[in-house]
Amino acid sequence: MKRFVNLLIGMLVVLVCFVIQTAVLRGSSILSFRPNLLIIAVVSLSLFLGDSAGIFLGFFAGILCDVCFGPLLGFHALLFAWTGYLCGRFTGILFIEDLKFPLLLIEVSDFVYCFCCYIFEFMFRARMIAGFFITNCIIPEMVCTLLAGVVVYPLLSILYRKVMREKTESQKRQERSEHA
Amino acid sequence: MSQGPNIEKIDKEEKFQIPAKYWILFISALCVILIVVTFNTAALDGVTDTGAGYVVIPFQEGVTAVGGALRQHAQSVKELRSLREENAALRSELDDVKSELSVLQQQSYELSRLQELYRVDQQYVSYEKTGARIIAKDPGNWYHTFLIDKGSDDGLAVDMNVIASGGLVGRITKTGPGWSRVESIINDNANVAGCVLSTQDDLMVSGDLTLYSEGMIRFSQLVDSEGAVVEGDKVVTSRISDKYLPGILIGYISTTHRDYNNITRSGYLIPAVDFEHLDTVLVILRTKDIPDEEETESGK
């Protein structure tokens, strides 16, 4: 039951990030690039909730993108589902409060996602602009995503700790002894 | 006090679960099937359009409306002081403008006579149009597709041209009940058949990601042996385009150079529309009817 509720909360977070990224942030363009909030949300949530939840949330995020924007249904879904799966494999081997490793994971996922988009959108049409694309599109987006991740990831980890995390044995024993 | 790694899973009554690796294989297969199906057919378009219409579009429209209302409120508070002075100045200006208007009306009659003389076809200014607001841009940073808040319920259909402030923005590629997706001409895989207004030479205008930071798009296949096309010439949509109505301003020629084959010219074009600051657009409620011809994937 708790897993189902966690998934619903995760879906809500993904939906909010999607709306913020497409509707709210299109006006603000300091560097004329926007951070990829969806990557941050999918990577963070799969780090907290595990690889199965990561697959599902990634698929949901990708379907949102594809239905509204993508040329093909299933393209972003595939990318985000694999991102959720691979990042979810890291669950359980890191401190939730630690910032460096999740941010590193977010940056790597963002790079891989952007590069896959480049491959399928440009390379398959023989537009070989990899060097230009990396320096002018991917790097600025990674910088923006990093800055946004510094803000968003701690918020999500607080949400996870307060709402979604199951209590450990020691905490349950503590609560039982307090009530007794 | 920071907790240790979260490896204690308590749920003793947990039922048997399918391991994640089978889920990822299943999801990957499903995605590949979806990609193939949507690439080859339009079978799933109805489902996804209404689904998006219910789930996401209301949020985006709501956020855009709230943002717009807040911005307007802030602006009105700022402008209140200067409005009274402006009012007096405007009244006197109005009288001057009224007399200018009658002169311009005379000139417009003369213009329509001259147009008939040169047999210029119906300009796009007289097509029926409807306004729409942009509610979302694509989440990536380079597709340059966006969503508008009118759809098939408002009479919009796929392939209708979208313009803004007198220049071509793009065309509708997908419609839902209350929303539509517009692909702009600066998109890297967009192609528009254009022609130079002064010499009536045809050319092909393409979007280009590498050029957009310089504010330009490229053109190619211009057959102009006398070199009559110069910098600043207007480029409009051509009659031979099968998706775009003729005569819509695309942009202005910036540079040209001869191709290696010595027959055609290519170069760069500055688009007439400022794509960085688009907010509202106009949709022309007429599609170009080409009988007995298959639609190509990129609008030509």
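1. In this predicted model, residues 292-300 of chain B are a stretch to read with care, since pLDDT stays under 50 throughout; the model nevertheless has 20 contacts beyond four places in sequence for these residues, and I would ask that any description of those contacts be accompanied by the pLDDT range.

2. A second stretch of chain B, residues 119-123, also has pLDDT under 50, and for this segment the model has five contacts beyond four places in sequence. As background to both segments, chain B averages a pLDDT of 78, with 80% of its residues scoring at least 70.

3. For the complex, the predictor gives an ipTM of 0.78, together with a pTM of 0.63.

4. Chain B contains a barrel closed by six strands, which follow the order β6-β7-β8-β11-β10-β9 with antiparallel pairing. On average, and with direction ignored, neighbouring strands of this sheet are turned by 40 degrees against each other.

5. Where β6 meets β9 in chain B, the strands, spanning residues 191-196 and residues 234-237 respectively, run antiparallel and are joined by three bridges. B:Gly194 can be placed within this pairing, as its bridge partner in β9(B) is B:Thr237.

6. Turning to the cysteines, the structure holds zero disulfides over all chains. In chain A, Cys65 is buried because its relative accessible area is 2%, which falls under the 20% cut-off. A:Cys87, at 4% relative accessibility, likewise counts as buried.

Definitions and conventions: Residues are numbered from 1 along each chain as its sequence is written. Chains are lettered from A and ligands numbered from 1 in the order in which they are written. This is a predicted model: local features need pLDDT of at least 70, side-chain atom pairs count only at pLDDT 80 or more; totals for chains, interfaces and linings use all residues. Side-chain values use heavy atoms; hydrogens and water are left out. pLDDT is the predictor's confidence in each residue, from 0 to 100. Contact means heavy atoms within 4.5 Å. Two strands pair if DSSP finds at least two bridges between them. Helices (H or I, at least four residues) and strands (E, at least two) are DSSP runs, numbered from the N terminus. Axes are lines fitted to C-alpha atoms, for helices over the stretch in contact, and angles run from 0 to 180 degrees between N-to-C directions. A disulfide is a pair of cysteine sulfur atoms within 2.5 Å. Buried means under 20% relative accessible area, exposed over 50%, partly exposed in between (1.4 Å probe, protein chains only).
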